[in-house]
Amino acid sequence: MMKLIDRIHIYLDYWIRSKTIYQLHSPRLFQLVQKSFDHDQYYYAFDLIWQMRYQIVSRGELIPEDEFSISRSQAGQILGRFAHRSVMPLEHLHSLFRVCRFLNPQSILELGTCLGISSLALGLAAPNARVTGIEGNPFFCKEAETLLANLRMTHVKIENKNFDQFLDEYTGPSFDLVFLDGDHQSEATKRYLTKLLPFLTKKTCIILDDIHWSADMSRCWKEICKWPQFHCSLETLRWGLLFTDPGLSSGNYVFCKPSMKPWQKYF
């Protein structure tokens, strides 16, 4: 009951603070929102994303037991049912594709690959980029690798590591786009971001998934927005976007779809 009350409070707070595209005055963020969250343009890639997602949510085998799957209560679940809950809905996969396409990154990191559908969306949106996906479950990692190999997405590489292990060991080039989707806990999120800081460019965008998942994550998001490394932020119903680019209009922007506040088109 308390969790439900917390969620209601979180979403009400978001709704009160949010503004539609008609009141978003940062030119670059206006363009991002227009092309990513407030746009109905359809891409051929969406057909493939739908097909691959449908295939995974239709599968009936059980998730095998291993140390990671047991620790995350994944072992023994029906794969398709798990995927239906855990793989992003098509609407958000489309938004992820559009955001990535708009930003045109050359190097992408995804922390939380799961079964590879979001990695597919990123890879399709940025066919010339280097995409690295990190997944702790070895079975999910293998499934994602098979999916991407069958589609000849050779520029997308999946590594079976936990987030801390990867970030502690990584010595490669910086990332233009980071999608953090996993371990939705405040302390873990701040720890990952701290470890990521040396690998950000002056124009990196970090997307945090499920920032309204809990009161803990909601507080975490508001705290991270104040970090000096991030010049501005964009809060949406599901995601929080952090930008290092000093050329952007500074501030913490909160966006909602026009349908949530239709009067803002006129007032």
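In this predicted model, glycine 133 stands opposite isoleucine 158 in strand β3, and this pair offers a way into the sheet. The strand β2 pairs with β3 in the parallel sense, over 5 bridges. Across β2 and β3 lies helix α8, which runs at about 165° to β3. Elsewhere on the sheet packs helix α11, residues 215-224, which touches β5 (200-208), β6 (232-235) and β7 (240-243), and the direction of α11 makes about 20° with that of β7.

The sheet to which these strands belong is an open one of 8 strands, with mixed pairing and the order β3-β2-β1-β4-β5-β7-β6-β8. At its edges stand β3 (156-160) and β8 (251-254), and because each has a single partner strand, one side of each is left without a neighbour in the sheet. From one strand to the next, the twist averages 15°.

Moving along that order, the reader comes to strand β1, residues 107-111, which is joined to β2 (residues 130-135) by 5 bridges, the two strands running parallel. Within this pairing, isoleucine 108 stands opposite valine 131 of β2. To get from β1 to β2 the chain passes through helix α7, residues 117-125, and this β-α-β crossover is right-handed. Strand β1 is also joined to β4 (residues 175-180), here by 4 bridges and again with the strands running parallel, and in β4 the bridge partner of isoleucine 108 is leucine 177.

How buried is β1 itself? With a relative accessible area under 20% taken as buried, 5 of the 5 residues of β1 meet the condition, so the strand is largely enclosed by the rest of the structure. Both of its faces are covered, since Ser107, Leu109 and Leu111 are buried on one side, while Ile108 and Glu110 are buried on the other.

Helix α3, residues 45-57, can be followed in a similar way, beginning with its length. At 1.5 Å a residue, its 13 residues should span 18 Å, and the end C-alpha atoms of α3 are 19 Å apart, which agrees. Buried in this helix are Ala45, Phe46, Ile49, Met52, Arg53 and Ile56. These residues cover an arc of only 130° around the axis, which means that they lie on the same side of α3. What covers the buried residues of α3 includes α5 (79-86), α6 (90-103), α7 and α8 (138-150). Two of these helices have already appeared in this account, α7 in the crossover from β1 to β2 and α8 lying across β2 and β3.

Note on methods
Residues are numbered from 1 along each chain as its sequence is written. This is a predicted model: local features need pLDDT of at least 70, side-chain atom pairs count only at pLDDT 80 or more; totals for chains, interfaces and linings use all residues. Side-chain values use heavy atoms; hydrogens and water are left out. Buried means under 20% relative accessible area, exposed over 50%, partly exposed in between (1.4 Å probe, protein chains only). Two strands pair if DSSP finds at least two bridges between them. A crossover is right-handed if, with the strands pointing away from the viewer, the path from the first strand over the helix to the second runs clockwise. The expected span of a helix is 1.5 Å times one less than its number of residues. The arc is that of the directions from the helix axis to the C-beta atoms. Contact means heavy atoms within 4.5 Å. Axes are lines fitted to C-alpha atoms, for helices over the stretch in contact, and angles run from 0 to 180 degrees between N-to-C directions.
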